[in-house]
Amino acid sequence: MNRSRAKLRGRGRDIAELRVALAVESGCLVVVRGPAGIGRSAVLDATARELRANGVRVLRLRWAPGGDREPEDPFGIAPLVRAVRGEFEELGDRRLADSLGALVRIRDRAEQDGSGWAPQLVAELSAVFGHVAERGRTAVVLDDVHVLAEPTPLLAAARDAGCQVLVSTPDEAVCATGVAELLSVADRVVTLGPLADDDVADLVRQAAGPTADDSVPAGLRAALGPLYRNPATVLDTLAHLSAQGLLVVVHGRVCLGVPPARIGLPAGHHLVRRAEAQGELGPRLLFAAAVLDGFTVDELPVVAAALRTSVADCGRVFDALIEGGVLVVEAGERVHVRCPALAVAAERRGGGSEAAWLHAGVAERLLAARRRGEWVMPAMLADHLASSGTAVSLEPALCRWLLDLAAAVEKDEPESAARWCATALRHLPPSEAGHEDAVRSLVGLVLRTGAYELLDEVLKRLVPPADAGGRDTELCAVVALSALHSGGKPADERVRRLLEKTLADEGVGTLGHWSGWPLADREQAHADLAGDAVLARRIGRLRSALTRGPLPCGEAWQRVVLPVPSPGLTRLRHAGELADVGTVLGVLLGAGYALPRSGVLSAHHRVVRGYLTADWSAALSAARELELTGHRDTLAHNVSRLLAAEICGARGLVDQARGWLAAAPAQPRLATLRAWVETGLLVADGRRREAVALAVEHCAGLGESVPGTGLDRLVLRGLVVAAEPGGTEGAAALLAEVERLHRTGAWDTTPEVVFAARGLVAGDVVYLGVAADLVRRRWEQPALLEACLALARFADDPRPWLAEAQEIASRCAAPALVERVRRLTQERGVSALRSRVQRDELHPTEQRIIDLIGDGLTNRQIALELKISEKTVENRLTRLFARTGYRSRVQLAAASLDGRLGRDPQGTPKVV
């Protein structure tokens with residue numbers, strides 16, 4: 001990846017300021033300053049091009065090839081001579097040649113006698129620039145002026161001769177003697193600030209390619225933190241990722257082939273070099289700050305001891321790294337690494353074993369102090385013990401102390417409690433009292449936090465030998481849960497064997513299929529989640545096994561799925577259809593369940609959520625991420641591919657849609673969902689009759705068998721297409737199939753499908769209105785768009801429904817859907833709709849809080865995620881309740897998912 005190919009972004013105002021500063025008739029001296037990598041050279045290049053375009057001669061002074069310093073030339077004579085000789089054909093003048101020769105001789109004599117300075121130097125510099133200025137307007141441009149020990153004589157002479165002088169220097173050099181003097185005599189100093197996020201995103205797409213996925217700038221923002229707005233850092237990191245093969249093309253889009261948490265700065269980055277400039281201790285101290293997640297000055301003696309160096313040396317380097325911006329002081333005087341990517345670079349240099357050794361060293365010293373009776377912060381000691389792996393041996397008494405500490409904080413700090421509990425179980429023998437309770441506690445904490453990787457080490461110690469008799473039902477359930485969330489086969493052979501036997505004997509078939517584990521019969525039918533009583537009992541048993549207090553299976557199921565229609569049952573049904581295990585387990589296990597932040601289940605959950613909430617760009621990004629995650633033949637992968645194909649088809653990107661569809665192998669379980677996608681592509685191709693025929697044929701071919709995933713969607717699409725003018729016959733045929741399947745019980749039809757089918761065929765707005773209300777309750781925006789369009793076709797006043805449909809189509813970023821709304825608007829004779837502007841738009845922090853509520857996070861967890869106080873979260877929510885009229889976190893999250901923020905709480909759509 002060539003950085004020079006990336007165009008200058010976001011510097012229009014800075015260049016305009018320079019244009020004004022350099023527009024004077026007399027000479028001027030302008031200094032451009034800013035932090036390393038901020039784009040000073042690029043701004044100088046762009047300004048120089050603009051000057052040339054306006055007829056100004058530009059003398060670009062450059063340093064010698066192969067190096068950026070010429071210590072024997074403190075006044076910059078060599079770059080000046082090279083620049084003038086490069087323009088000599090236009091400047092050709094005997095007097096100029098004589099002045100240049102005299103200038104070189106004076107410099108050489110000064111070097112020989114060791115003085116480094118001669119009074120005649122200023123006179124000859126003035127003569128050279130005087131001859132140059134006589135030939136027309138001239139600008140002198142010099143980048144990195146701090147390289148010169150004495151830049152002022154040369155540049156002041158150029159300005160006094162009437163030249164426009166433009167130079168740059170990094171912020172880090174402004175205290176140098178020569179630069180400080182130059183700044184004091186400059187006519188203007190222009191400081192370059194960070195780029196705006198949108199400009200950085202444009203820069204990323206320019207450098208990575210126009211097909212860069214949205215996840216690329218988002219991932220870089222997460223990895224680079226405050227350095228994300230530094231263009232050189234962004235471009236160098238992209239080039240580093242490209243060189244490592246970590247920019248991967250997935251279905252025509254450039255994606256990150258590595259999670260943001262594993263992106264490191266390149267070795268040549270200026271912050272890495274500053275650490276290395278401090279000798280061997282610089283990188284080691286940076287590594288310690290990265291591994292220990294920072295430390296305070298008071299903790300420096302412990303760190304120095306762990307690094308086996310003196311406190312004085314450690315303090316000296318510590319101060320230098322802070323002064324150089326490698327380490328930053330945050331609230332509470334805790335010092336951290338500048339950004340996550342710098343921490344990754346430091347940890348890679350140190351290695352995993354050294355990280356554990358460092359934590360172990362700190363833990364041993366804290367333990368020694370504790371044994372001497374000194375007070376040691378319990379959380380600090382527990383964290384170091386948890387991060388030291390097996391490098392520190394813990395006696396049972398210390399393990400019990402960790403378990404007690406975990407129990408004390410598990411309500412408010414479940415993440416820490418989970419780590420400490422897992423650490424204790426890593427050392428506590430299974431025969432010790434309390435071991436079984438500790439395992440149950442860990443499982444509950446893992447379910448709450450999503451840290452399923454903490455189960456791996458514990459399971460290795462719990463699984464019995466292959467020849468042991470009997471099996472622990474709870475252990476089997478935990479093994480299945482761990483494998484399901486890890487997205488891969490367990491590393492330990494005994495755990496693998498137990499999982500395979502669990503899937504074969506216990507029949508946790510759907511869970512096994514979702515996780516990508518093969519069953520004895522790969523083609524066996526999989527019942528729909530909501531209608532399978534056997535699976536209901538299995539899930540109930542799983543719930544019983546994973547909660548502290550065992551519950552009867554019937555009671556566990558009764559807590560979630562009521563015998564009458566309920567929102568929980570509806571969510572389970574639709575989540576099960578789209579293989580969204582995160583939502584399934586979230587409903588079944590309640591508030592005590594959390595998805596992992598990454599992995600197959602997390603990515604697929606975001607695909608489904610993005611599709612349902614009309615955030616289709618996010619859904620496609622998650623689908624591409626999923627292509628690089630875990631085993632690629634799981635049900636989650638294939639459902640995500642079909643949803644991606646549906647999104648691309650609805651956006652009119654038919655070729656991309658076909659690519660996604662081809663990537664999803666035909667499976668009986670997904671045949672109906674696949675037919676739904678195929679009908680959409682037929683409609684996009686203008687083959688509407690074929691689309692209706694496919695829907696009718698698929699429904700008619702079901703007979704008495706279980707239809708599988710997607711029948712609701714397939715029927716509704718066929719009905720919508722068939723109900724348009726000229727398609728009544730197909731609509732009647734589909735309605736007949738709906739009635740037949742519903743009557744025979746072969747299909748557990750959702751009520752909105754029956755109402756919508758009857759309303760579309762009869763043009764009855766009452767039926768269609770009921771269907772729209774039912775769809776609205778389950779937050780599925782694409783289905784709501786279809787319901788709104790159907791109502792707009794038949795309603796006396798179509799404007800409210802057209803306005804709502806247009807909003808959803810716009811959020812989908814689907815021009816094809818927007819065009820459908822526009823055509824229907826014209827058919828109904830309605831004047832052009834204007835998008836409704838929210839009077840009180842959400843602040844980005846408020847929207848992020850609502851999103852995290854939707855993910856099931858508590859106020860405390862949200863505060864930790866956003867790095868704000870819990871009180872701030874509460875205050876934001878209080879203001880949101882007052883502004884929106886909603887009364888609870890659940891209502892607020894539901895309104896956001898449903899696109900109802902900006903409506904009144906009753907959900908009445910507003911028309912402008």
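1. Two residues are in contact here when they have heavy atoms within 4.5 Å of each other. Keep that in mind as you look around this predicted model. Take Leu285 as a starting case: leaving out residues up to four places away in sequence, Leu285 touches Phe295, Val303, Leu307, Cys314, Val317, Phe318 and Leu321.

2. Now zoom out a bit. Leu285 is one of the residues with the most contacts inside the largest nonpolar core, along with Leu220, Leu238, Leu342 and Leu385. That core has 112 residues. Apart from it there is another core, this one of 76 residues, including Leu612, Ala614, Leu670 and Val677. As background, nonpolar side chains in soluble globular proteins tend to be buried together.

3. Some overall numbers help with orientation. The chain has 912 residues, and 53% of them count as buried. You will find 46 helices and nine strands in it. If you take the contacts with a separation of 6 or more, 67% of them are between residues 24 or more positions apart.

4. Next, have a look at Trp420, in helix H20 (residues 414-427). Is Trp420 buried or exposed? Its relative accessibility is 1%, so Trp420 counts as buried. For the neighbours, set aside those within four places in sequence: Trp420 is then in contact with Ala379, Ala382, Asp383, Ala386, Leu402, Leu405, Ala406 and Val409. If you want a distance to check on screen, the C-alpha atoms of Trp420 and Ala407 are 9.6 Å apart, and these two residues are 13 residues apart along the chain.

5. Several of those neighbours turn up again when you look at the helices. Helix H18 (residues 378-387) packs against H20 at an angle of about 55°, and their axes are 9 Å apart. Angles from 35 to 65 degrees fall under oblique, so H18 and H20 are oblique to each other. Their crossing is left-handed. On the H18 side the contact uses Ala379, Ala382, Asp383, Leu385, Ala386 and Ser387, and on the H20 side Arg419, Trp420, Thr423 and Arg426. Sorted by type, the residues of this contact are five nonpolar, two polar and three charged.

6. Trp357 is another tryptophan to click on, and its place is in helix H17 (residues 352-371). Trp357 counts as partly exposed because its relative accessibility is 34%, and partly exposed is the range between 20% and 50%. Without its neighbours within four places in sequence, Trp357 is in contact with Ala306 and Arg308. Its C-alpha atom is 8.8 Å from that of Gly389, a residue 32 places away along the chain.

7. Further along, follow H38, H39 and H40. Helix H38 (residues 751-762) and H39 have axes that come within 8 Å and cross at roughly 150°. That angle is over 145 degrees, the cut-off for roughly antiparallel, which makes H38 roughly antiparallel to H39. H38 passes H39 in a left-handed crossing. From H38 the contact takes in Pro751, Glu752, Phe755, Ala756, Arg758, Gly759 and Leu760, and from H39 it takes in Tyr767, Leu768, Val770, Ala771, Leu774 and Val775. The tally for this contact is 10 nonpolar, one polar and two charged residues.

8. H39 (residues 765-777) also packs with helix H40 (residues 781-794): their axes come within 9 Å and cross at roughly 160°. How are H39 and H40 oriented to each other? They are roughly antiparallel, and their crossing is left-handed. Val765, Leu768, Gly769, Ala772, Val775 and Arg776 of H39 meet Ala783, Leu784, Ala787, Ala790, Leu791 and Phe794 of H40. Here the residues divide into 10 nonpolar, one polar and one charged. Look for Leu768 and Val775 of H39 in particular, since they are listed both in the contact with H38 and in the contact with H40.

9. Finally, two spots in the backbone. Which loop holds His251? The one between strand E6 (247-250) and strand E7 (253-256). His251 has a positive phi of about 50° although it is not a glycine, and with a relative accessible area of 27% it is partly exposed. Asp293 is not a glycine either, and it has a positive phi of about 55°. You will find Asp293 in the loop between helix H13 (281-291) and helix H14 (300-306).

Methods. Residues numbered from 1 in each chain as written. Predicted model: local features only at pLDDT ≥ 70, side-chain atom pairs only at ≥ 80, totals over all residues. Heavy atoms only, no water. Axes fitted to C-alpha atoms, helices over the stretch in contact; angles between N-to-C directions. Helix = DSSP H or I, 4+ residues; strand = E, 2+ residues; numbered from the N terminus. Parallel < 35°, antiparallel > 145°, perpendicular 65-115°, else oblique. Left-handed = near helix turned anticlockwise from the far one by under 90°. Nonpolar A, V, L, I, M, F, W, Y, C, P; charged D, E, K, R; others polar. Core = buried A, V, L, I, M, F, W, Y, C linked by side-chain atoms within 4.5 Å. Buried < 20%, exposed > 50% of the residue type's maximum accessible area, 1.4 Å probe, protein only.
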